[in-house]
Amino acid sequence: FYNVLSLISARAEIAGDPVISQICTDLAQTMRYTIKAPDMVPLSDEKKMAEKYLHIGSLMYDRSFRVGWQIPPEYANWKVPKVILQPLIENAMNHGGLVSQEDAYLQISVSKVPSGLCLCVEDNGCGMEEKQCWEMNRACQQSLRDFVEEVHPSLGVLSVNFRLKYHFGDRCQLRVDSSPGKGTMITMLIPDYKEEETHANGTDY
């Protein structure tokens, strides 16, 4: 797939279509990261891949997205599960209505708390109804066994929660705060990662 995308990118460049060429290049790099990167990656790598996805989105929709990054350099190497930012950004763009919103804004911030790192993705999109928000938080509180046995309508956010639980068990948290017309804030508590803990807590039902 990487070679195919690289070929399409090269042919698009030759044909004078730099937009398609860049989309293919970014997609190839994103796919390689998703498939080949280790399960746990530095937060700085997640940021780079999230920026790639935002760039793809800006090319696809022919518009730019304002994004505020507040990640202090001392947390750049904090280990997080890979591909936890992109689904939340995609959710904000598509379901949160940022694609069609003139003043669309995303803020991605990090702060240290006693039990780990607090990673927050916040948008000023259309938000969601109270019931939908409650259902999502209820699903995030389920055990892995209960989660996989139930059908869920919002797989993007919940897939992130699934990966967090897979690695950290009940030591991690994901919470959704939202209301109609006031945007959505997704907060993740990510404990300090130790190599010997890989999957140990996540498989404990």
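Author: A disulfide is a pair of cysteine sulfur atoms within 2.5 Å. The structure holds 0 disulfides. This is a predicted model, in which local features need pLDDT of at least 70, side-chain atom pairs count only at pLDDT 80 or more, and totals for chains, interfaces and linings use all residues. Residues are numbered from 1 along each chain as its sequence is written, and side-chain values use heavy atoms, without hydrogens and water.

Reader: Why is C120 not counted in a disulfide with C118?

Author: The closest cysteine sulfur to that of C120 belongs to C118 and is 6.3 Å away. The limit is 2.5 Å, so this distance is too far for a bond.

Reader: What makes C172 free of a disulfide with C140?

Author: The sulfur of C140 is the closest cysteine sulfur to that of C172, at 9.5 Å. Against the limit of 2.5 Å, that is too far for a bond, and therefore no disulfide is assigned to the pair.

Reader: Why are C120 and C172 called buried?

Author: Buried means under 20% relative accessible area, exposed means over 50%, and partly exposed lies in between (1.4 Å probe, protein chains only). C120 has 9% relative accessibility, so C120 counts as buried. C172 has a relative accessible area of 5% and is therefore buried.

Reader: How do you know that strand 5 and strand 7 pair?

Author: Strands (E, at least two residues) are DSSP runs, numbered from the N terminus. Two strands pair if DSSP finds at least two bridges between them. Strand 5 (residues 116–123) and strand 7 are joined by 7 bridges and run antiparallel; they therefore meet the criterion. Within strand 7, M185 stands opposite E122.

Reader: What joins strand 6 to strand 7?

Author: Strand 6 (residues 173–178) is linked to strand 7 by 6 bridges, and the two run antiparallel. I186 in strand 7 stands opposite V176, while T187 is the bridge partner of R175. Their hairpin has 5 residues between the strands, and G181 takes a positive phi near 80° there.

Reader: Which side chains of strand 6 are buried?

Author: The side chains alternate: L174, V176 and S178 point to one face and are buried, whereas Q173, R175 and D177 point to the other and are not. Strand 7 (residues 184–190) is mostly covered, with 6 of its 7 residues buried.

Terms used:
Helix = DSSP H or I, 4+ residues; strand = E, 2+ residues; numbered from the N terminus.
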